[in-house]
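Got your viewer open? Load the model, set it to a cartoon view and keep the selection box handy, and we'll go from stop to stop.

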Amino acid sequence: MKRKVIFLMLVYCFNINQNRLIGQILSPDTLKITGNLKEQKDVGDYLKVIFKGKTSTKKETVNRKTLGPFYTPIVYPGYALVTGGLIAIANNISFYTHYGADAKISTILTDNVYTQNKQSINIIRSNLWLNHEKLNLLGDWRFYKFPTNTFGLGSKTADSDANAVDYSQLRIFEVVLKKISNNMQVGLGYSLDYHWNISEINNPVKLNTDLDKYGFNSSSLSSGITLNFQFDNRLNSNNPAEGSLINLQFKENLRALGSDNNWQGATIDLRHYIPLSAKSGNRLAFWSYNVLTLGGKPPYFDLPSTGWDTFNNTARGYVEGRFRGLNWLYLEAEYRFNLLKNGFLGGVIFTNASTLSEYSSNKFEKINPSYGLGLRIKVNKLSNTNLTIDYGFGANGSGGFAFGLNEIF
């Protein structure tokens, strides 16, 4: 989840049984980013230097191959615009399910956060490759208790439009994809978004907010099936060196499955990575993320909204949920580069732009850009997992830090 961190973070990272795992499968994708693994350094290597005075260079472990798992747990306090002060426990569990240069890494990401604003955020996301990449399982499970602000509908809202709300949320998204050709899969899924105890805070007279205009309800339920197509030739989704992702999803929410309304939506997720130098590992990354309402009327909190993509990474430079609408178009570009030859430190420069349709006209009438830069710290060279710390600048003085595990996309 995107963190707007504005004071010192204490980050504790450690790798379980790192000596045993140091001979991970060196897929081409990993090698293009890290080079020779023995020359790479991560947080675990420097902790060994600090506490033991040396790093482990046992020859018998360097050449051993293992499927994992590779653990990257982090405990940190911080501060976010949407949360206030927070304490969080995050973990990346990465592993391979078979040996081979074409093996794709599987990941399970967990995030548990409690905040100053009495928000409880609990997330499990998964991307599992099984049976020699013949099956791909994608999951996004969440439980939120989430007092926050909404700002109305469309891209022309102002910060002064903030409306304090509170709700609880349960999300269950699961997709099963089956290989139909090299790097190409199709499949079905189920999606559930349930919001309850929805209330507007400090609005006793029910001012005419966009939430009221759209249709205020104390609960909402969207339940439906998804049709999915995917092309993915990336080998390591934690930190892709090259390749592309095309993920297309059509969602049909049905009253027959418990949904409040019959409504349809589509998500188009496109990503492409261009290596600039095999020696340096520097590369360009491009991302287009688009969510469309095709028919019916989604519940207010199920409408497309910036910062509410699968990994809560869109629109760095704005608070999560800053813009919301029936349709959302998004584009981002990023330059990624190494600061140290051993891969321990890297940096990024990024820019993005988003537009959401206005509720009255359903037209795209304004683009909200942002830009920024960030630092990358290698916390686990085995899974090629980075700690990401970014600062984004948005329009009208908006801005803040974003913190997380893995590359933004």
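**Stop one: a loop with a cis bond**

Select P69, which lies in the loop between α4 (59-62) and β2. Helices (H or I, at least four residues) and strands (E, at least two) are DSSP runs, numbered from the N terminus. Now add G68: the peptide bond that joins G68 and P69 is cis, with omega at about 5 degrees.

Before moving on, a word on the model. It is a predicted one, where local features need pLDDT of at least 70 and side-chain atom pairs count only at pLDDT 80 or more, while totals for chains, interfaces and linings use all residues. Residues are numbered from 1 along each chain as its sequence is written, and side-chain values use heavy atoms, with hydrogens and water left out.

**Zoom out**

Show the whole cartoon. The protein chain has five helices and 18 strands. Of its 409 residues, 55% are buried; buried means under 20% relative accessible area, exposed over 50%, and partly exposed in between (1.4 Å probe, protein chains only). Turn on the surface and you have about 17500 Å² exposed, 61% of it supplied by carbon and sulfur atoms. Those areas come from the Shrake-Rupley method with a 1.4 Å probe, and for residues only the protein chains shown count as cover. Among contacts (heavy atoms within 4.5 Å) with a separation of 6 or more, 61% are between residues 24 or more positions apart.

**The ring cluster**

Next, select Y167 and F301 and show their side chains. Why is this pair called tilted? The ring centres are 4.7 Å apart and the planes are at 45 degrees, so the pair is tilted. Rings of Phe, Tyr and Trp (its six-membered ring) pair if their centres lie within 6.5 Å; planes under 30 degrees apart count as stacked, over 60 as edge-to-face and the rest as tilted. Follow the backbone from each: Y167 is in strand β8 (residues 163-181), F301 is in the loop between β13 (283-295) and β14 (328-338), and the two are 134 residues apart. Both Y167 and F301 are buried.

Now widen the selection to Y144, F146, Y167, Y214, Y300, F301, W308 and Y359, a cluster linked by ring pairs. Across the whole structure, a search finds 23 aromatic pairs.

**The cores**

Keep F146 and Y300 selected and add L387. These three have the most contacts inside the largest nonpolar core, which has 30 residues. A nonpolar core is a set of buried Ala, Val, Leu, Ile, Met, Phe, Trp, Tyr and Cys residues joined through side-chain atoms within 4.5 Å. Among the elements giving two or more residues to this core are β2 (70-80), β3 (84-95), α5 (210-215) and β16 (368-380). For a second, separate core, of 13 residues, pick out Y273, W287, Y289 and L356, which are included in it.

**Charges meeting**

How many salt bridges does the structure hold? There are 18, each a side-chain nitrogen of Lys or Arg within 4 Å of a carboxyl oxygen of Asp or Glu.

Start with K381 and D45, whose side chains meet at 3.0 Å, N to O, in a salt bridge. K381 lies in the loop between β16 and β17 and D45 in helix α3 (residues 43-52), so the pair ties together parts that are 336 residues apart in sequence. Are K381 and D45 buried or exposed? Both are buried.

Then go to R316 and D390, a salt bridge with its closest N and O atoms 2.9 Å apart. R316 sits in the loop between β13 and β14 and D390 in strand β17, so this pair ties together parts 74 residues apart in sequence. R316 counts as buried, at 1% relative accessibility. To see the network of salt bridges around this pair, select R316, E332, E334, R336, R376, D390 and E407.

R336 has another partner to check: it lies over the face of F409, at 4.8 Å from the ring centre. A charge sits over a ring if NZ of Lys or CZ of Arg is within 6 Å of the ring centre and within 35 degrees of the ring normal.

**Last stop: two backbone oddities**

Select K118, in the loop between β4 (106-115) and β5. K118 has a positive phi of about 60 degrees although it is not a glycine, and at 61% relative accessibility it counts as exposed. Finish at E133, in the loop between β5 and β6 (135-145). E133 isn't a glycine either, yet has a positive phi of about 65 degrees, and with a relative accessible area of 8% E133 is buried.
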